[in-house]
Amino acid sequence: MVSCSICGKRACYHRRYSGQRFCAEHFVEYFEGKVKKTMLRYRMLARGERIGVAVSGGKDSLTLLRILSKLAEKLNLELRAILIDEGIANYRKETVERARRFCRELGIPLEVFSFKEHFAYTLDEMVKLSRRNACTFCGVFRRKLLNDAARELGCEKLATGHNLDDEVQAIVMNYLRGDLERLVRLGIDAGSEQLVPRIKPLMEMPEKEVALYALLSGIPASFDECPYAEQSFRTEVREMINRLEENNPGIKFSILRGYQKLLPYLKTYQAKALRNCKTCGEPSSGERCRACLLLEELSRAA
Ligand code: SF4
Ligand SMILES: [Zn+2]
Ligand SMILES: [Zn+2]
């Protein structure tokens, strides 16, 4: 029997890059402790803040909500769950229901903001109107709507459930595309007049660990995939990184650390190259931001 490095009981998880093994109880303890440490290290939270939590109904966001709700009383935090309904047939409805039930259980108010209501089209309609990939619209508009929602609800911070794998995939995708603007935006976001500061408490937790935590703590998360996921460049990048990790345990952390070392230099670039969008005022590398350009393209195509 493989035993837990802490108590000697049967282990359910082997953390390859550190050699530690955990039983269920010690895994949950380790996981929650490490998320708290990440939040302290990057000074993500302050006492008495109102935090918007982006919730999708998936394992990452519900795990984040559970951990923040455990901390809420101690830190006097006020939590607001924010759910973005992109308008994806046969996918979103069920996850919305699951998120609703979970928030009710935790006693956290949930607000739903939809693409249709804010941008006039559902994601399905946008895809029909244009030849662009669904993920292009989804990423740009979800980011914008989350920010608007957090601002409207008076939140001081916006927390998202991005895990280590999400972060590393985004870093590598942007390296491969040479997209400096998005590389800068991925970093710890200090916010600005127009942008609510973003925090990512799970950014150092591998996806596998988040899935195990969700399972062991009875989080009713969906493992359904978005029907558009297939066509994404991200899928190819994810597979490549997972192959690398298989043969080089810990490489995901190295990619994240390497990126963090580069970030101060990238920020110098941002200071020079970014201005405010003429239409909505948000930071942008051109005269107008991506969201405003895409909206105009859609209204021309309609
Ligand atoms: S895979 Fe689906 S949810 Fe994810 S960005 Fe693409 S369209 Fe949006
Ligand atoms: Zn143990
Ligand atoms: Zn704009």
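## Basis of the model

Buried means under 20% relative accessible area, exposed over 50%, and partly exposed in between (1.4 Å probe, protein chains only). By that rule β3 is mostly covered, with four of its five residues buried. Helices (H or I, at least four residues) and strands (E, at least two) are DSSP runs, numbered from the N terminus.

This is a predicted model: local features need pLDDT of at least 70, side-chain atom pairs count only at pLDDT 80 or more, and totals for chains, interfaces and linings use all residues. Residues are numbered from 1 along each chain as its sequence is written, chains are lettered from A and ligands numbered from 1 in the order in which they are written, and side-chain values use heavy atoms, with hydrogens and water left out.

## The sheet

Five strands form an open sheet. Their order is β5-β4-β3-β6-β7, and the pairing is parallel. Two strands pair if DSSP finds at least two bridges between them. The edges are β5 (110-114) and β7 (198-199), each of which pairs on one side only.

Strand β3 (residues 50-54) has partners in β4 and β6. Five bridges link β3 to β4 (residues 78-85) in the parallel sense. Three bridges join β3 to β6 (residues 157-159), again parallel. Val-53 has a bridge partner in each: Ala-81 in β4 and Ala-159 in β6.

## Zinc ion, ligand 2

Donors are N, O and S atoms within 2.8 Å of the metal (3.2 Å for Na, K and Ca); water is not among the atoms, so sites may look incomplete. For the zinc ion (ligand 2), the protein donors are Cys-4 (SG), Cys-7 (SG), Cys-23 (SG) and His-26 (ND1), at 2.0 to 2.4 Å. Their spacing along the chain is C-x2-C-x15-C-x2-H. Cys-7 lies in the segment before β1 and His-26 in helix α1 (residues 24-41), so the pair ties together parts that are 19 residues apart in sequence.

The site is tetrahedral, with angles of 99 to 115° among its four donor atoms. Four donors earn that label if all angles lie between 85 and 135 degrees. Ideal tetrahedral angles at a metal are 109.5 degrees. Cys-7 is partly exposed at 35% relative accessible area, whereas His-26 is buried at 12%.

## Zinc ion, ligand 3

Four cysteines hold this site: Cys-277 (SG), Cys-280 (SG), Cys-289 (SG) and Cys-292 (SG) are the protein donors of the zinc ion (ligand 3), 2.3 to 2.4 Å away. In sequence they follow C-x2-C-x8-C-x2-C. The geometry is tetrahedral, with donor angles of 104 to 114°.

Cys-277 is buried, with a relative accessible area of 4%. Cys-280 is partly exposed at 29%.

## The second largest pocket

A pocket is an open set of points on a 1 Å grid over the protein atoms alone, where a 1.4 Å probe fits, with protein on both sides within 12 Å along at least five of seven lines; lining residues have an atom within 4 Å of a point. The second largest has a volume of about 310 Å³. Grid points are joined across faces, edges and corners, and the volume is the space filled by probe spheres set on them.

Its lining has 16 residues, with Pro-206, Lys-208, Asn-242, Glu-245 and Lys-252 nearest the centre. At least two lining residues come from each of β1 (13-15), α7 (164-177), α9 (207-216), α10 (233-247) and α11 (251-273). By class, six are nonpolar, two polar and eight charged. Nonpolar covers Ala, Val, Leu, Ile, Met, Phe, Trp, Tyr, Cys and Pro; charged covers Asp, Glu, Lys and Arg; the others, Gly among them, are polar.

## Glu-236

Helix α10 also contains Glu-236, which is exposed at 56% relative accessible area. The C-alpha atoms of Glu-236 and Arg-92 are separated by 24 Å, the two residues being 144 apart along the chain.

Notes. Tetrahedral: all angles 85-135°; square planar, octahedral: opposite > 155°, others 65-115°.
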